[in-house]
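Okay, thanks for making time, everyone. Let me put the structure up, and then I'll walk you through a few bits of it.

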Amino acid sequence: FTLTFSYFEDFLDRRDLVVLIIVFAFLLRLNGLGSDSLWIDEAGTASLVNSFIQTGTPQHPSGIESFRSMPHIIMTSISVIIFGLNDFALRLPSVFFGTLTVFFVFKWSSEVFDFKTGILSSIILALSSWHIAMSQNARMYSMFQLFYLLTFYIAFKYVKTVDKTKIFYLAFLTLMSIQTHLTGYILLFTIPLYLLISLKLSKTQTILTSLLIFVITTLGIDDYLWNINYIFSRLNFHLQTFFDHFRWFLLNQPIKFIIGFSRLFLAMKNQSELFKNFAIAIFPPIIIYLFFIELPASRYLFFIIPFLAIGTGYSIKYISSKLNNYSLINFKNLSFVILAFSVLFSNPLNPQLGLATPEPDFKSAYKYLNQEASECDILIVGRSLPADYYYRKPDYVLKEQSRSKEYTIKGKDIYSNSTLIGSMDNLTEIHQKNSQVWIVASATVQRGIKPDLENEIEKQKLKYEGENINIWKLKNK
């Protein structure tokens with residue numbers, strides 16, 4: 001169907017139109033949900049969820065416990081209990097959280113601006129390839145985005161109408177954001193900052209309100225000081241990360257990047273309160289991720305999309321109102337053109353969306369191995385989590401030179417407890433003791449291991465060549 005509500009207003013009332021957009025957004029995110037292979041981190045989610053259901057403790061096959069993002073682990077466990085342990089069930093919670101975000105984008109933008117802007121903003125988010133991709137991801141990012149958006153939404157409403165109950169809503173949403181992703185820790189500083197510059201109370205009252213939110217939130221956080229120390233230990237200046245993200249934004253999200261941010265600054269004049277809210281929500285964490293985190297990854301910036309969608313929606317409305325004297329340039333036509341360009345010049349609707357894609361097709365690779373290999377054969381892999389999920393626990397894991405020490409414990413892989421292979425001599429020794437040896441590795445892993453080990457692997461018989469992943473069988477001695 002067409003892209004703006006102008007084409008529907010003759011035969012749909014407002015509530016029906018909103019429901020139609022939300023249902024459409026849900027179906028877009030549900031489409032093909034279980035078809036693509038889980039990537040490495042999603043396989044990690046599967047490992048923790050399966051353990052949590054079986055034992056009540058989220059841990060990897062090695063026995064290493066991980067209580068990171070417990071709200072997401074709990075919600076995904078419920079989905080798996082209902083639908084079984086499979087790709088669809090693992091990703092389903094993200095679909096719901098992504099769809100809810102579309103609704104709250106409509107609600108916030110329609111409350112601040114008008115119904116047309118709310119409709120446009122929600123359609124932009126509903127059709128965003130980036131948002132669809134991350135809403136089909138068995139990770140915590142979709143859940144975190146919703147909590148992060150709601151935190152600033154409630155803060156905005158609290159500034160407009162001071163209500164003591166909203167203090168507890170703010171504390172709860174801040175706590176849930178922190179428990180879902182470490183980025184949420186910045187809310188302990190940005191929410192008090194926003195209240196301090198926006199509340200029309202005395203400075204003492206504002207400081208006490210901010211302190212109360214801070215105290216209530218931190219009481220619900222385990223290992224608060226350890227987490228803060230861990231976050232600061234990862235902060236180092238990396239200028240190249242900024243250029244990587246900037247280039248990705250311009251190439252993949254040009255409409256939202258240019259129009260969304262430009263509208264944020266245009267709002268300084270007649271929507272100063274919204275400007276302060278969005279600026280504090282977006283810029284502090286973005287600066288940290290663009291300049292002080294070494295790994296460039298679009299998923300880290302995923303939380304800003306709803307704010308850009310609202311900005312883009314209002315930009316379309318604003319521009320069309322300035323050009324409404326021209327017969328061909330009106331709200332309906334301009335909306336259609338910009339939304340069409342937003343879709344056409346974005347990445348396709350594909351879960352493999354980011355700075356380091358495409359991800360390996362582990363599902364197809366291990367399906368082949370399940371048909372061709374025997375359980376008693378030796379299995380050597382590049383990454384253990386997808387192997388454990390789609391096939392079985394590996395016997396050995398290739399050691400990458402670039403991977404940090406946090407992924408190893410005493411010469412073994414931290415997730416599977418499998419022995420690491422770091423040299424050609426290790427591989428030769430294993431081959432001499434076993435006649436049937438299989439190696440499964442992605443291109444990324446191949447580039448990360450020692451050159452002599454990579455050369456030795458490439459000399460072996462290539463049995464399977466998939467999307468960014470290969471399978472070799474060692475030649476008989």
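Let's start with a quick sanity check: at 1.5 Å a residue, what should the 14 residues of helix α3 span, and how far apart are its end C-alpha atoms? The helix covers residues 70-83, so the expected span is 20 Å, and the end C-alpha atoms sit 20 Å apart, which agrees.

Keep in mind that this is a predicted model. The mean pLDDT of the protein is 82, with 79% of its residues at 70 or more. The stretch to be wary of is residues 343-356, where the pLDDT is below 50. That stretch still has 35 contacts in the model beyond near neighbours in sequence.

Okay, back to α3. Its buried residues are Met70, Pro71, His72, Ile73, Thr76, Ser77, Ser79 and Val80. What do they pack against? Four helices: α2 (40-55), α4 (87-112), α7 and α8 (164-180). And just after α3, Gly84 takes a positive phi of about 90°.

Let me zoom in on the α2 side. Phe52 is in that helix. Is Phe52 buried, partly exposed or exposed? Partly exposed: its relative accessible area is 22%, and the cut-off for buried is under 20%. Setting aside neighbours within four places in sequence, Phe52 touches Thr57, Pro58, Met70, Ile73, Ile74 and Ser77. Take Ser77: 25 residues from Phe52 in sequence, but 7.4 Å away C-alpha to C-alpha.

Now for the aromatics. Searching the whole structure turns up 21 aromatic pairs. Here's one of them: the ring centres of Tyr148 and Phe152 are 5.2 Å apart with the planes at 50°, so we call that pair tilted; stacked would need under 30 degrees, and edge-to-face over 60. Both residues are in α7, residues 141-160, four residues apart, or about one turn of the helix. Both are buried, too. They also belong to one aromatic cluster, together with Trp108, Phe144, Tyr153, Phe156, Phe278, Phe303 and Phe307.

Some of those names come back in the packing. The largest nonpolar core has 74 residues, and the ones with the most contacts inside it are Trp108, Ile119, Tyr148, Phe152, Leu195 and Phe307. Which helix gives the largest share of this core? That's α7, with 15 residues. There's a second, separate core as well, with 30 residues, including Ala138, Val381, Leu420 and Val440.

That's my tour, so over to you.

Methods
Residues numbered from 1 in each chain as written. Predicted model: local features only at pLDDT ≥ 70, side-chain atom pairs only at ≥ 80, totals over all residues. Heavy atoms only, no water. Phe/Tyr/Trp six-rings, centres within 6.5 Å; stacked < 30°, edge-to-face > 60°. Helix = DSSP H or I, 4+ residues; strand = E, 2+ residues; numbered from the N terminus. Buried < 20%, exposed > 50% of the residue type's maximum accessible area, 1.4 Å probe, protein only. Expected span 1.5 Å × (residues − 1). Contact = heavy atoms within 4.5 Å. Core = buried A, V, L, I, M, F, W, Y, C linked by side-chain atoms within 4.5 Å. pLDDT = per-residue confidence, 0-100.
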